[in-house]
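Reader: Could we go through this structure together? I would like to begin with its internal spaces and then turn to its charged contacts.

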Amino acid sequence: VSLPAAQLSQARCGSRYGRYGRETLHAEWTKLRTLASTGWLLLAAVALTIAVSAAADAAATCPSGGCQVDAAKLSLSGVQAGQAMVAVIAVLAISNEYSTGMIRVTLTAMPRRLTVLAAKAALVAGLVLAAGAVAVLASVLAGRLILPGHGFTPAHGYPPLSLGHGPLLRAACGSVLYLVLVALLSLGAAAAVREPAVAIGLVLGLLYAFPVVTSVVGDQHWQRHLEQIGPMTAGLYIQATVGVHALPLAPWQGLGVLALWAAGALILGGLVLRFRDA
Amino acid sequence: MSTVTPYRSPARPGRDGFGPLLHAEWTKFRTVRGWVIGMIIAVVVTAGLGVFVAKASASPSCSAHSSSGGSGPVQHGAACGQPVYPVGPGGEPVQDEFYFVRQPLAGNGGITVRVTSLTVLTDAGPGPGPARRPILVPWSKAGIIIKAGTGPGSAYAAMMATGGHGVRMQWNYTQDTPGLPGTVSAASPRWLRLTRDGDTITGYDSADAAHWTRVGTVALPGLPSTVQAGLFVTSPPHSVYTSSLGSGTGSTNPTQSTAVFDRVSRTGTWPASAWTGDYVGAGGLGGEGNGYQQVASRFTVTGSGDIAPLIAGPLNDGPNITIRDYLLGTFAGLIAVAVVATMFMTAEYRRGLIRTTLAASPNRGRVLAAKAIVIGSVAFVAGLAAAAGAVIIGKDVAHSFALFPEPWPTELRIIAGTAALAAVVAVLTLAIATMVRRSATAILIVIVAVVIPDVLSAPPGIPAGVTDWLLRITPAAALALQQPAPQYYQVQANYMPSSGFYPLAPWTGFAVLCGWTALALVLAAYLLRRRDA
């Protein structure tokens, strides 16, 4: 049985595309996997998240008169510090290649630049997803163990944290996704500016600027708008389990704002990568 | 045969001094466009965020009103319906409200009195039972006072019994010194005495009127010859603060104190006329129930308010905005400064220039010193420009109606301190970059150590217990340089890092940063010498 030549070439071409993507992914995975810093940074991200969450749990108290604290948000507050490490992991995935000149080898071997960026994004997202899941689960566990000793008891209206509780499950899964989106935002920014120090400064400045500014701005109108557009402030709405209706945005909408930031950064990074000499 | 003269370069041999090395490093900095732009970005971002905050914190109706003004010296505060704060002798805004049973005292003299009881009542809230219940307010005050006049904010010195801190002598709002401990009751009364001699006022206390102890002698410069002296009672609100995730929440209930005085005796020139009772401050309108009763030589005085410095920040009774709020862009500026300082060193390694640098100047410690001086000076200038710009422009756009008035030394310390902070952070970053050589690692360490502890103290941050601890030991402690006002132990208020009350005193916090920087510099110099470039 013989296929017409055109059909044959089409089939080959299709399989070649698939193989090309797989090979790019494999090459990127090898690079990322064999860097000692990747493992250390992932470990640091997990450790920092858990440590800050546990410290926050230990520092909080709920007096007998009751309190307004959102226990789920409290037990996940390490994400605010852990995201810095996650941003660094993502920035280094691309900036390191510019620092060492490796990017020229990479782009010679795999000339489809957007495929390279997509492969990097997929791998970084996967790694952060795994590390984030570990960090968030451990943080929730730490909250479950520590919080009852600080007055967060059923008598004060705080049942033990359990992932069977819908809002907490949403907060936990959302926090993992939050970290993934921060990683993608950082990757896009790094592809655009290339220099690792500048990219890290830019991303962390962008993330932390909004909570700092909104904490001081007195005008309610401005405060609300700033919280709605800030990648960190809006993204962390996903952690709220108390007073959700009073938030300027619904939790998933807030995560959507961060997703828009990440998409914008990736598009910008992709354009720069595609149209500028390496 | 002719002799061959060996070739000698016509260039004069370079001097092996520190000056040329500094010049070389300055040339390197100046000629890299990205670094100069980075420093300019640091200035623009810091000042820009400050101006944005000033603009966004000025409520629109107020700025419209004051910009349309021109009808003479209108006080912005009054025009915007904001309270105008009395200012104490030290230049700080104060609260000066109390019930005063007074007589004028001409020239030198003194007053002695016995306090036999001090009780405080607060609203009991909804529910059955009496409308008011007794409560312990540690800083409720009852005693005697000598005051320059009845105008709010005027100089004074007072001896008082307090609800929970024994006898105190306080003067000019911010000063406090302890006397006899213990609470006052009919069984254990407290005798208080104040004497005036020119500008000097001395306070004494006693448990039995036989054995007197001098509590303090204070000078009140410029005290007029005739002063107002007498009995006073005041009672700050009862406040409960709970800090949750960086933002404080709290409840504040007004209280009213009643004290019983007897055995009033006076020395010096007093008029024979009767005592006058009035409420000082708040336009003379105190709460309902303030007043006094005199039965023979026994006085029962009821008052509320406080004689104390105002505390800025959310949940407190002072002005909400301080010039520190105009400097909240500091964190972003520090990130930019740290990025430039990192690259000032790591670029040498990345481009291989370090080998040329060290060949030209083999004394490696000197190279590090020259780099530190250059980047530190540049960062200082940038920090000074950013801080001064943010404060000056911020004050201008906000029309300063709700701004916490700062005495000028504090304002100078905040602005110069911000510049010093930028300079030392730049040097710290340079040292860390020398140690780790990789820009990503260096910038990460600096951001985690300097910026994140401060950022986490802002909502939706983490509990104050953690940030308090971080702001003591990390280099971020130096942000205390921006603390707008001291934390007064004798005033109960909501002291949060997010409203500018840091756990360490300004210069102690700066010393923590300097300690870390010195350590990093020593390590960096050691590693630079011991490792091949």
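Author: The exchange below takes up cavities, salt bridges and a surface patch in turn; please note that the model is predicted.

Reader: How many cavities of 30 Å³ or more does a search of the whole structure find?

Author: The search finds 5 of them. The largest has a volume of about 150 Å³, and about 90 Å³ lies in the second largest.

Reader: Which residues lie nearest the centre of the largest cavity?

Author: They are A:Val212, B:Arg324, B:Leu328, B:Asp454 and B:Tyr502, out of a lining of 15 residues. Two elements give two or more residues to this lining: helix H8 (196-216) of chain A and helix H5 (330-351) of chain B. H8(A) has the largest share, with 3 residues.

Reader: And what is the make-up of that lining by class?

Author: The lining of the largest cavity has 8 nonpolar, 5 polar and 2 charged residues. In the second largest cavity, the lining divides into 7 nonpolar, 5 polar and no charged residues.

Reader: Which element gives the most to the second one?

Author: H5(B) does, with 4 residues. Helices H2 (33-57), H7 (364-398) and H8 (408-436) of chain B each supply at least two residues as well. Among the lining residues are B:Ala42, B:Thr330, B:Gly383 and B:Thr418.

Reader: Turning to salt bridges, how many are there over all chains?

Author: There are 16 over all chains. In one of them, the side chains of B:Arg350 and A:Glu195 meet at 2.6 Å, N to O. This pair crosses between chains, from helix H5 of chain B to the loop between H7 and H8 of chain A.

Reader: Is A:Glu195 buried or exposed?

Author: A:Glu195 is buried, because its relative accessible area is 17% and the cut-off for buried is under 20%. B:Arg350, at 34%, counts as partly exposed.

Reader: What does B:Glu348 pair with?

Author: B:Glu348 forms a salt bridge with B:Lys28, at 2.6 Å, N to O. B:Glu348 lies in helix H5 of chain B and B:Lys28 in helix H1 (residues 18-31) of chain B, so the pair ties together parts that are 320 residues apart in sequence. B:Glu348 is buried, with a relative accessible area of 2%.

Reader: What of B:Arg324, which you named at the cavity?

Author: B:Arg324 meets B:Asp325 in a salt bridge at 3.8 Å, N to O, and both residues are buried.

Reader: Lastly, which residues make the nonpolar surface patch of about 290 Å²?

Author: A:Leu129, A:Leu177 and A:Trp252 make that patch. A:Leu177 lies in helix H7 (residues 166-193) of chain A and counts as partly exposed, at 35% relative accessibility.

Conventions
Residues are numbered from 1 along each chain as its sequence is written. Chains are lettered from A and ligands numbered from 1 in the order in which they are written. This is a predicted model: local features need pLDDT of at least 70, side-chain atom pairs count only at pLDDT 80 or more; totals for chains, interfaces and linings use all residues. Side-chain values use heavy atoms; hydrogens and water are left out. Patches are made of residues with over 30% relative accessible area and no salt bridge: like charges are joined within 9 Å, nonpolar side chains (Val, Leu, Ile, Met, Phe, Trp, Tyr) within 5 Å. Accessible areas come from the Shrake-Rupley method with a 1.4 Å probe; for residues, only the protein chains shown count as cover. A salt bridge is a side-chain nitrogen of Lys or Arg within 4 Å of a carboxyl oxygen of Asp or Glu. Buried means under 20% relative accessible area, exposed over 50%, partly exposed in between (1.4 Å probe, protein chains only). On a 1 Å grid over the protein atoms alone, a cavity is a set of points where a 1.4 Å probe fits but cannot get out, and a pocket is an open set with protein on both sides within 12 Å along at least five of seven lines; lining residues have an atom within 4 Å of a point. Grid points are joined across faces, edges and corners, and a volume is the space filled by probe spheres set on the points. Ala, Val, Leu, Ile, Met, Phe, Trp, Tyr, Cys and Pro count as nonpolar, Asp, Glu, Lys and Arg as charged, and the others, Gly among them, as polar.
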